[in-house]
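Grab a coffee and open the viewer. Here are a few exercises to work through, each with a solution you can follow on screen.

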Amino acid sequence: MKTFYALGLLVIALLTLYLANTLEWPQRITGTRIDPLPALIVCAAMRAPVLALTLLAVLGSLWQTSLSADPPGISMIPLFAVGVAVSLNRRAIHTRLWGARFAVAAAAGALVPLVTIGFLVLLGHQPLLGWFSFWQLAVMSLTSGLLALIFFPLLEWLDHAVEDQPFAAPYDTTTRINRNPH
Amino acid sequence: MNLRPYVYAAGFVLGLATVLLALSPQSAGQVKLAAGSFFVPLYSIEARLQSVHYYASNKTATREELLDQNQRLALTNQVLRIQIQQLRATAEENKTLRVQVAFAANNQWKLRLGQVIGRDPANWWRTLQINLGSRHGVREGLPVLTPDGLVGRVHEVHPNRSRVALIGDPACRLSINVQPSRENGILTADGATVFDHTIVNLTFLPAHTEARAGDPVVTSGLGRLFPRGIPVGKLLSVEPVPGALNSQARVKLTVDSSRLNEVWIILP
């Protein structure tokens, strides 16, 4: 378990949620409030163990709903599902490519609020929805993709800064073993 | 790949989410209060920074600026004093008339100023948070307003903060009165509110309504949640609903909630 990395993740989640809650200008410009959690969980899923992902989904969702009129923990399942889906397929995603980072986080940025709204409707709530909600969803998806471009290098730096790294991978593919040179 | 940790984690998250979503409103409020306590240090840091900024801007204001501001405030003060004299005479007259026709006397409002400390992070609700809670005498359902008009009502109360449901949120439907025609209706939210949060739907106006675009809309006082006569907005358009017994209208709210920094609560 990468303890310090997990703690760092939670601190980043808390700070970004606070900023998303208090900053006014994103909503004035786009008419949409920005959700940093989908981008954060996608970036975390590329490196963090499942326990850290679970903590991020549970606490992130609880913190976010404490600032909102949503029922507590409503986005927990969609966040966790996205995190697990990315974590299980982390080898198939080319995270060195900026386009791939953007695309995966943008998809998560659209999927998490959609599933959350689905849960709200299923539970009998009446969220405010209209044609403009499609625009809001598009903005949330786009900003999630853009946030991932910030979170990826930030979490890479955090991982290197707080955890011991091996000098070389145990199975270094660049080293060629020549068993019979003659 | 070892999937066992994922299975355990999924079971834990599903179980926890099910328990949380099945909680009673009171228990859900307690959970939110506990989770929200993590933000308390951040809010206090922000408050400290604001006071430092206020102190610094006070220290750096020039004498010219202060004199100019003072002159403007003195002028405003004179205008307001004249208006108070006028209103005092009207109040006396109103009091006498109320005694003559045996009407109950109007109570004075007990107002308390609150600061907006956050907005709902979800795009599908229209609520904001203020820095007053049950420790300051705030209760659920109390009206929230500004000098321009009604903002909403207190929806959730914590010890040191409260959530205000703004007009246009599903949790804040209110009965209003269209001024010259004195017709009542109910303000509700719909898809248009998502696009422009200062526009809300007015339903249950009579089918042959006399209300016209531009008419002022105030609280009706029905339901006793909001006092009568608080400005809410102006009618934008009135449309009859084909085959229905009532008309629909759109109301432009007088208060733009996205620019609010301070609000007043009417305490009981």
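The exercises below go through a barrel, the cavities and a nonpolar core.

Before you start: this is a predicted model, where local features need pLDDT of at least 70, side-chain atom pairs count only at pLDDT 80 or more, and totals for chains, interfaces and linings use all residues. Residues are numbered from 1 along each chain as its sequence is written, chains are lettered from A and ligands numbered from 1 in the order in which they are written, and side-chain values use heavy atoms, with hydrogens and water left out.

**Exercise 1.** Work out in which order the strands of the chain B barrel close.

Step 1. Strands here are DSSP runs (E, at least two residues) and helices are runs of H or I with at least four residues, both numbered from the N terminus. Two strands pair if DSSP finds at least two bridges between them.

Step 2. Going round chain B, six strands close up in the order 6-7-8-11-10-9, with antiparallel pairing.

Step 3. Zoom in on one pair: strand 9 (residues 216–219) of chain B runs antiparallel to strand 10 (residues 231–240) of chain B, and three bridges join them. In that region, Pro216(B) sits opposite Lys234(B) of strand 10.

**Exercise 2.** Find the cavities and say what lines them.

Step 1. A cavity is a set of points, on a 1 Å grid over the protein atoms alone, where a 1.4 Å probe fits but cannot get out; lining residues have an atom within 4 Å of a point. Volume is the space filled by probe spheres set on the points, which are joined across faces, edges and corners.

Step 2. You should end up with two cavities of 30 Å³ or more.

Step 3. The largest holds about 120 Å³. Its lining has 15 residues, and Asp35(A), Gln64(A), Asp70(A), Ala122(B) and Trp124(B) lie nearest the centre. Helix 6 of chain A gives the largest share of that lining, three residues.

Step 4. The second largest cavity holds about 70 Å³. Its lining includes Arg126(B), His197(B) and Asp256(B).

**Exercise 3.** Pick out the residues that touch the most other members of the largest nonpolar core.

Step 1. Such a core joins buried Ala, Val, Leu, Ile, Met, Phe, Trp, Tyr and Cys residues through side-chain atoms within 4.5 Å; buried means under 20% relative accessible area (1.4 Å probe, protein chains only).

Step 2. The core has 53 residues, and the ones touching the most other members are Leu9(A), Leu40(A), Leu56(A), Trp63(A), Leu155(A) and Phe39(B).

Step 3. Helix 1 of chain A supplies the largest share of this core, nine residues.

Methods
1 Å grid on protein atoms, 1.4 Å probe; cavity = no way out; pocket = protein on both sides within 12 Å on 5 of 7 lines; lining within 4 Å. Buried < 20%, exposed > 50% of the residue type's maximum accessible area, 1.4 Å probe, protein only.
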